[in-house]
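Colleague: Could you take me through this structure slowly, and tell me the reasoning behind each term as you use it?

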Amino acid sequence: MQEEQLHQCFQKNLAFFKEFLPNLYQQVEEYELKHTTIDGLANGEIDLLINGKSQYRKAAFEYADNEVERFTTQLAPKAQINTVVPPERDSYSGKRYFFESITKTINKFWDKYSASKSHYMLDDHSPMLVVMGVGLGIHIDKLGQNKDTHTLFIVENDIEKIIASCYITEWYRIIPEFKVNTGKQLSFILPFDAKSTEDVFIATWNELIHFAPRFPLTTLFYNHRQTKESEQVINRFHEDHHVFLGAWGNYDD
C-alpha cells in the first residue's frame with residue numbers, strides 16, 4: 001500500500017468517527033503515535049511495529065489470511081459448542097405457564113436437533129463474537145467476509161493500535177455493514193486506561209452481560225495473535241460465566 005492510500009484511509013475513518021463515534025474521534029484526532037509504526041514493504045505486504053518489534057513477521061495480510069482460516073475451520077457449520085447441556089424432551093414438568101410453553105418449544109425442535117443431545121451446534125453464523133485485539137484490523141475485515149456475525153465486539157486497550165488500524169482498515173465501510181435494523185451490531189470496547197488484564201476483563205464483562213442469553217451461551221472468543229494477556233481474559237470468562245448463569249434463578253418469576 002502506498003503512503004497516499006494510507007492517509008486517505010485514515011482521513012475517511014476520522015471523518016466517519018467524527019460523525020458517528022465522536023467520543024472515539026476526540027481521543028484519536030490529535031494523538032501522536034509514540035511506540036507504534038506501520039512498515040510498508042516492497043512486495044506489497046505491511047507490518048506493525050511496537051517499540052521496533054515486528055508483530056506480523058513482515059506479512060500482516062498473509063498472517064490475517066492464515067489466522068482467519070484456522071478460526072473459521074474450527075468453527076465451521078455443525079461444529080459443537082461446549083456450553084450448557086441442551087434440555088431433554090419434556091424436561092419441564094411443573095404445572096406453570098412458562099413450563100408448558102418452554103416444553104412445547106423444546107419438543108417442537110427436538111427432532112430437528114436430536115443429533116446433538118450433549119452440545120449445541122453452530123449454524124452458518126456466529127450469534128456473538130468477541131475479538132480480542134484489533135491489530136491492524138485486517139483479520140476483522142476478513143472475518144466479516146468469511147463468517148456471518150450478528151453481534152461483534154472488538155476489545156483493544158492500546159489506543160495506538162486503534163490509530164494504526166485506521167490507516168489500513170476501512171472502518172467507515174465495515175461498521176455500517178452491521179445494521180441495527182437487521183439485528184446486527186458492532187461495538188468497540190476500549191479500556192485505554194486499563195493497568196492490567198483484570199481491568200480489561202472487567203470492562204469487557206460489563207459490556208457483555210447486557211446481551212444475555214447470547215452471553216455466555218453462544219459467545220465465541222477470537223484471540224488475535226494468541227497473546228497471553230488476551231488468553232488470561234478469556235480464561236476468566238470461562239471460569240466466571242457460571243456465576244452469571246447462576247443469577248438467573250428467578251428469571252421466570
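Modeller: This is a predicted model, and a good place to begin is the second largest pocket, to whose lining α3 (60–74), β4 (80–81), α9 (214–217), β9 (219–223) and α10 each supply at least two residues.

Colleague: What is the volume of the second largest pocket, and which residues lie nearest its centre?

Modeller: Its volume is about 740 Å³, and of the 24 residues that line the second largest pocket, L75, L220, F221, I234 and H238 are the ones nearest its centre. By class, that lining is made up of 12 nonpolar, 9 polar and 3 charged residues.

Colleague: Since α10 has come up, why are α8 and α10 called oblique to each other?

Modeller: Helix α8 (residues 197–208) packs against helix α10 (residues 228–246) at an angle of about 45°, and their axes are 10 Å apart. Angles under 35 degrees count as roughly parallel, and 65 to 115 as roughly perpendicular; an angle of about 45° falls in neither range, and therefore α8 and α10 are oblique to each other. The crossing of these two helices, α8 and α10, is right-handed.

Colleague: Which residues in α8 and α10 meet?

Modeller: On the side of α8 they are T197, E198, V200, F201, T204, W205 and L208, and these meet E229, Q232, V233, R236, F237, D240, H241 and F244 in α10. Divided by class, the residues of this contact of α8 with α10 are 7 nonpolar, 4 polar and 4 charged.

Colleague: What makes α3 and α5 oblique to each other?

Modeller: The argument rests on the angle once more, for the axes of α3 and α5 cross at roughly 45° and come within 9 Å. Roughly parallel would need an angle under 35 degrees, and roughly perpendicular one of 65 to 115, and therefore α3 and α5 are oblique to each other. The crossing of α3 and α5 is right-handed. In this contact, α3 provides A60, F61, A64, D65, E67, V68, F71 and T72, while α5 provides I138, H139, K142, L143 and N146. The residues of the contact of α3 with α5 fall into 7 nonpolar, 3 polar and 3 charged.

Colleague: Turning to enclosed space, how many cavities of 30 Å³ or more does the structure hold, and what makes such a space a cavity?

Modeller: There are 2 cavities of 30 Å³ or more, and the word cavity applies to a set of points where a 1.4 Å probe fits but cannot get out. The largest cavity has a volume of about 50 Å³, and its lining consists of L129, I140, L143, G144, K147, T149, L152 and F178. Two elements, α5 (138–146) and β7 (148–155), give two or more residues to the lining of the largest cavity, and α5 gives the most, with 3 residues. That lining has 5 nonpolar, 2 polar and 1 charged residues.

Colleague: Which residues line the second largest cavity, and which element gives the most to its lining?

Modeller: The second largest cavity, with a volume of about 40 Å³, is lined by I140, D141, G144, L152, I174, E177 and F178. Here α5 gives the most to the lining, with 3 residues, and by class the lining of the second largest cavity has 4 nonpolar, 1 polar and 2 charged residues.

Methods:
Residues are numbered from 1 along each chain as its sequence is written. This is a predicted model: local features need pLDDT of at least 70, side-chain atom pairs count only at pLDDT 80 or more; totals for chains, interfaces and linings use all residues. Side-chain values use heavy atoms; hydrogens and water are left out. Axes are lines fitted to C-alpha atoms, for helices over the stretch in contact, and angles run from 0 to 180 degrees between N-to-C directions. Helices (H or I, at least four residues) and strands (E, at least two) are DSSP runs, numbered from the N terminus. Angles under 35 degrees count as roughly parallel, over 145 as roughly antiparallel, 65 to 115 as roughly perpendicular and the rest as oblique. A crossing is left-handed if the near helix is turned anticlockwise from the far one by less than a right angle, and right-handed if clockwise. Contact means heavy atoms within 4.5 Å. Ala, Val, Leu, Ile, Met, Phe, Trp, Tyr, Cys and Pro count as nonpolar, Asp, Glu, Lys and Arg as charged, and the others, Gly among them, as polar. On a 1 Å grid over the protein atoms alone, a cavity is a set of points where a 1.4 Å probe fits but cannot get out, and a pocket is an open set with protein on both sides within 12 Å along at least five of seven lines; lining residues have an atom within 4 Å of a point. Grid points are joined across faces, edges and corners, and a volume is the space filled by probe spheres set on the points.
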